[in-house]
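Welcome! Here is a short guided look at one protein model, starting with a helix and moving on to the core, the aromatic rings and the pockets.

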Amino acid sequence: MDIREQLESLAEPDFQQFMTKLIPNIHSKRIVGVRLPILRNMAKRIAKGDWKYYLEEYSAESYEEVMLQGMVIGYIKEDIREILRQIERFLPKIDNWSTCDSFCAGLKQTRKYPEEMWRFISRYFYDQRTYFVRFSIVMIIFYYIDEEHIERVFAYFDKICHTDYYVKMAIAWAVSIYFIKMPERTMIYLKKNHLDDFTYHKTLQKIRESRKVNKETKEKIKGLTRK
């Protein structure tokens, strides 16, 4: 049984319908309906075998097949040069927020090679391709919410000019996480930044929706709304 047949045998029709609503920019026919834990188990098995042949020779047509390839990259035990080569090959396959974010979450090799990965994602800060930019932002969320990178990240966000909804929402998500982790530094940024109005107000909204921010602070954030 090949990969595609395995996925089809593991599909759940109700879950397929749920995912179709969750990722509206993907045609429903491309979503098989396989849950992420099952995909992760498959990816682990593939990563222990001839993963390079799988990544470079197998086509990935469905949402799950693309997701699976991204997960495999996160599980391979190779040096950073090979990992980055596989990431670079994979990025053009990303065409939705779910694949992008799950891919980033799985790249835990970043913790071992933070500087090499930072240099890599920096190449895409001002890319015009939506999911290349979102990839760089979500990688920051998962691995670079720290004192060392905060100023560089905020300077990047101030200069980004991408108009796509999924890029703007990623920035809002990132700044809200910085606020939770480093509220004082981030409050300074919120009071003086160059974010467009949509991204800025979505940032404030995400901070106010967080359960990790107290009521008093949420009122202060509300007061930052642009007129």
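## Where helix α9 begins

Let's start at Thr130, which is found in helix α9, a helix that covers residues 130–143. Please keep in mind that this is a predicted model. Thr130 has a relative accessible area of 17%, and because buried means under 20%, this residue counts as buried. Leaving aside residues up to four places away in sequence, Thr130 touches His162, Asp164 and Val167.

## The nonpolar core

In soluble globular proteins, nonpolar side chains tend to be buried together. Here, the largest nonpolar core has 80 residues, and the members that touch the most others are Ile87, Ile121, Phe135, Ile137, Ile140 and Phe157. Helix α9 gives the most to this core, with ten residues.

Phe135 is a good residue to look at in detail. Not counting residues up to four places away in sequence, its contacts include Ile87, Leu91, Cys100, Phe103 and Ile121. Phe120 and Tyr124 are also among the residues that Phe135 touches.

## Aromatic rings

A pair of aromatic rings is described by the distance of the centres and the angle of the planes. The whole structure holds 22 aromatic pairs. In one of them, Phe120 and Phe135 meet edge-to-face, at 6.4 Å centre to centre and with 85° between the planes. This pair links distant parts of the chain, as Phe120 sits in helix α8 (residues 114–122) and Phe135 in helix α9, 15 residues apart. Both Phe120 and Phe135 are buried.

Phe142 and Tyr143 have ring centres 6.1 Å apart and planes at 50°, so their pair is tilted. Phe142 is partly exposed at 34% relative accessible area, while Tyr143, at 14%, counts as buried. Ring pairs also join Phe90, Phe103, Phe120, Tyr124, Phe132 and Phe135 into a cluster.

## Two pockets

The largest pocket holds about 360 Å³ of space. Of its 17 lining residues, Gly74, Tyr75, Gly106, Lys108 and Gln109 lie nearest the centre. Helices α5 (63–75) and α7 (97–106) each supply at least two residues of this lining, which divides into seven nonpolar, five polar and five charged residues.

The second largest pocket has a volume of about 190 Å³. Its lining includes Trp173, Ser176, Lys206 and Arg211. The elements that give two or more residues to this lining are α11 (165–181) and α13 (197–209), and α11 gives the most, with five. By type, the lining of the second largest pocket has three nonpolar, two polar and five charged residues.

Conventions: Residues numbered from 1 in each chain as written. Predicted model: local features only at pLDDT ≥ 70, side-chain atom pairs only at ≥ 80, totals over all residues. Heavy atoms only, no water. Helix = DSSP H or I, 4+ residues; strand = E, 2+ residues; numbered from the N terminus. Buried < 20%, exposed > 50% of the residue type's maximum accessible area, 1.4 Å probe, protein only. Contact = heavy atoms within 4.5 Å. Core = buried A, V, L, I, M, F, W, Y, C linked by side-chain atoms within 4.5 Å. 1 Å grid on protein atoms, 1.4 Å probe; cavity = no way out; pocket = protein on both sides within 12 Å on 5 of 7 lines; lining within 4 Å. Points joined across faces, edges and corners; volume = space filled by probe spheres on them. Nonpolar A, V, L, I, M, F, W, Y, C, P; charged D, E, K, R; others polar. Phe/Tyr/Trp six-rings, centres within 6.5 Å; stacked < 30°, edge-to-face > 60°.
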